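Biologist: I would like to learn how to read the features of a model from its coordinates. Please give the general idea each time, then the case at hand.

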Amino acid sequence: MKNQLFYGDNLENLQKFVENESVDLCYIDPPFNSKRNYNQIYNNVGTEDKAQAQAFIDTWTWNIMANEAFLEITNNKNGFYTPQTVILIEGLQKLLGNSPLMAYLVSMAQRISEIYRVLKPTGSFYLHCDPTASHYLKLILDSVFCSRGGVFQNEIAWCYGSGGASKEHFSKKHDVVLFYTKNKIHTFNVNEVREKYSSPHKSMTPKVIGNKSYVKMNPLGRIPFDWWQIPILTNSAKERLGYPTQKPEALLEKIIKVSSNEGDVVLDAYCGCGTTVAVAERLKRSWIGIDITYQSISLIIKRLEDSFGEDFTKDIVDKESKQIIKPANLKLSGVPQDFAAAVALANKEDDRVRKEFEKWFVLSFSDNRAMINEKKGGDDGIDGLAFILDFDEKNQQDLKKIIFSVKSGKTLSTNVIRDLVGTMEREKAVIGYLLTLYPMPNLVKDSGRYGIYQSKMFGHSYPKIEVISVDDFFAGKRLALPTNNSIEVLKKAKIKTKNITGKLDL
Ligand SMILES: C[S@@+](CC[C@H](N)C(=O)[O-])C[C@H]1O[C@@H](n2cnc3c(N)ncnc32)[C@H](O)[C@@H]1O
């Protein structure tokens with residue numbers, strides 16, 4: 001099977017495109033905003049710590065979507081949900097009401113049930129969460145898995161040392177990974193993950209009296225405990241790509257090695273910056289990744305290209321015959337491929353994908369070299385930023401700013417260009433791109449009067465303002481500037497090639 005990367009909501013993509021019993025291993029790490037005051041999340045009341053509680057509410061709100069999910073589960077028209085899941089969700093709703101926490105739990109119940117469907121009978125599921133919601137998730141997992149022969153295997157504590165501390169309670173230094181299998185018989189390659197024996201606890205050191213040892217030792221090493229000490233990725237970690245919730249490759253390496261074999265299919269339905277898919281690829285597994293934000297898709301494409309070569313994600317086409325000589329190593333789905341799809345993305349009425357059209361256009365037009373303006377609320381007229389290296393007046397190297405502004409209106413007046421020029425002056429930017437959904441010949445004509453930017457370093461001249469429509473983009477127009485690599489959002493992933501044994505060089 002070819003690797004697949006889906007841009008869009010995981011529920012929809014799992015339902016439409018992933019067949020029953022086709023996946024060997026699934027790992028998910030859904031967003032939760034869990035570093036919150038627990039009582040706020042549970043009670044959804046009070047004034048204390050409002051800002052933090054708000055961040056949770058921003059992510060999970062009881063809205064039409066949550067209500068529909070609740071009704072879908074409790075009505076259970078097609079008998080897709082187990083009776084236990086239906087009763088559990090009804091009961092939790094009585095306890096938690098129509099709260100953000102309940103919105104999170106119905107969303108997870110839908111997706112966990114869908115993941116159960118796609119898992120092979122020998123398949124394994126790892127759900128990454130933390131103690132804020134792990135107890136609720138375990139109830140859901142039990143209702144989906146254990147009610148029909150599935151097995152709760154482990155609650156794995158991923159322990160780490162870095163980060164802050166509080167004087168009110170013990171430092172919270174672990175995440176929870178809940179490990180379930182669809183059946184008693186499942187893949188568990190324990191010899192792939194045996195560890196050298198080095199316990200920090202005296203009580204775990206094997207005591208040898210005479211020829212008897214209190215802890216049975218295997219000359220290969222020990223079967224790992226259910227607590228794993230793996231350092232969290234610090235900002236300076238080599239692996240770090242600048243994605244806030246990026247997980248260490250070592251964590252995924254252990255899971256993938258123990259619960260799948262070469263050639264197996266690994267699924268990550270919340271794949272973020274692609275840790276699971278990158279490790280799966282390196283370990284010679286097939287994979288399916290899904291993410292709802294284009295920034296993630298863009299980062300994953302770049303991560304795969306940096307790790308496995310430029311042509312990993314692209315078809316190699318013979319220039320003369322136009323035939324594909326070497327197909328890309330992945331199938332990308334859900335990314336707009338024509339004007340109609342771009343219009344659909346721009347008009348999507350889904351709060352979770354606010355500004356996705358803008359992000360897709362900026363990142364695709366810049367070949368993933370621009371940065372997205374993350375500012376919430378008003379964006380100051382800036383949707384994306386990139387930098388070009390040039391000389392300043394004193395002939396010193398200097399980074400010059402480029403601004404991207406995206407507009408999806410059907411008619412736009414030249415005021416839009418004037419606003420962009422104003423923003424450029426304020427931001428001291430040298431070039432501005434106006435990216436429009438519809439063709440805007442009036443603006444293209446007007447943009448000419450703003451002149452050119454002359455690069456001293458490269459000797460080229462570029463229009464100061466350029467108007468690019470979605471049609472231009474699909475006709476092959478791309479950012480043609482030598483933008484500076486060193487300050488791109490994505491730090492180049494270390495070039496890693498698959499070696500014969502599939503061993504990682506971490
Ligand atoms: C915590 S991050 C995952 C990080 C990932 N484990 C890594 O190491 O990079 C969660 C991801 O889930 C994605 N996401 C949230 N809701 C989603 C949904 N309904 N469908 C698909 N992806 C979703 C977010 O865009 C985000 O990238």
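**Reading the fold**

Modeller: Start with one residue pair: V266 has W287 in strand 10 as its bridge partner. Strands here are DSSP runs of E with at least two residues, helices are DSSP runs of H or I with at least four, and both are numbered from the N terminus. Two strands pair if DSSP finds at least two bridges between them. Strand 9 and strand 10 run parallel and are joined by four bridges.

Biologist: What should I know about the model before going on?

Modeller: This is a predicted model, in which local features need pLDDT of at least 70, side-chain atom pairs count only at pLDDT 80 or more, and totals for chains, interfaces and linings use all residues. Residues are numbered from 1 along each chain as its sequence is written.

Biologist: How many helices and strands does the protein chain have?

Modeller: The secondary structure comes to 15 helices and 20 strands. An open sheet of nine strands has the order 8-4-5-3-2-9-10-1-13, and its pairing is mixed. Strand 8 (227-229) and strand 13 (330-333) each have a single partner strand, so they stand at the edges with one side lacking a neighbour in the sheet. With direction ignored, neighbouring strands of this sheet are turned by 15 degrees against each other on average.

Biologist: How does strand 2 pair with strand 3 and with strand 9?

Modeller: Strand 2 pairs with strand 3 in the parallel sense over five bridges, and I28 stands opposite L127 in strand 3. Strand 2 also runs parallel to strand 9, joined by two bridges. There, the bridge partner of L25 is V266 in strand 9.

Biologist: How do I read burial, and is strand 2 mostly covered or mostly open?

Modeller: Count C-beta atoms, placed from the backbone: a residue is buried if 20 or more others lie within 10 Å of its own, exposed if 12 or fewer, and partly exposed in between. In strand 2, six of six residues are buried, which makes the strand mostly covered. Over the whole protein chain of 506 residues, buried residues make up 38%.

Biologist: Which residues of helix 9 are buried?

Modeller: They are T275, T276, V277, A278, V279, A280, E281 and R282. That is eight of the eight residues in helix 9 (residues 275-282). For what covers them, use contacts: two residues are in contact if their C-beta atoms, placed from the backbone, lie within 7 Å. The cover of helix 9 includes strand 2 (23-28), helix 8 (249-259), strand 9 (265-268), strand 10 (286-291) and helix 10 (294-308). Just after helix 9, K284 has a positive phi of about 65 degrees.

Biologist: Which residues come nearest to the ligand?

Modeller: A residue counts as near a molecule if its C-beta atom, placed from the backbone, lies within 6 Å of it. There are 18 residues around the ligand, and N10, T245, Y270, G272 and T275 come nearest.

Biologist: How is a helix described against a sheet?

Modeller: By an angle between axes, which are lines fitted to C-alpha atoms, for helices over the stretch in contact; angles run from 0 to 180 degrees between N-to-C directions. Helix 6 (residues 100-118) lies across strand 2, strand 3 (119-129) and strand 9, at about 150 degrees to strand 3.

Biologist: What is the strand order of the open sheet of five strands?

Modeller: The order is 14-15-16-17-20, with mixed pairing. Its edge strands, each pairing on one side only, are strand 14 (371-372) and strand 20 (465-469). Strand 14 is antiparallel to strand 15 (residues 384-391), with two bridges, and M371 stands opposite L385 in strand 15. Helix 13 (residues 415-427) lies across strand 16, strand 17 and strand 20, running at about 150 degrees to strand 17.

Biologist: Why does K331 count as partly exposed?

Modeller: Because K331 has 14 C-beta neighbours inside 10 Å. K331 lies in strand 13. Leaving aside neighbours within four places in sequence, K331 is in contact with K2 and Q4. K331 and F6 are 325 residues apart in sequence, yet 8.3 Å apart in space, C-alpha to C-alpha. For the protein chain, among contacts between residues at least 6 apart in sequence, 67% join residues at least 24 apart.
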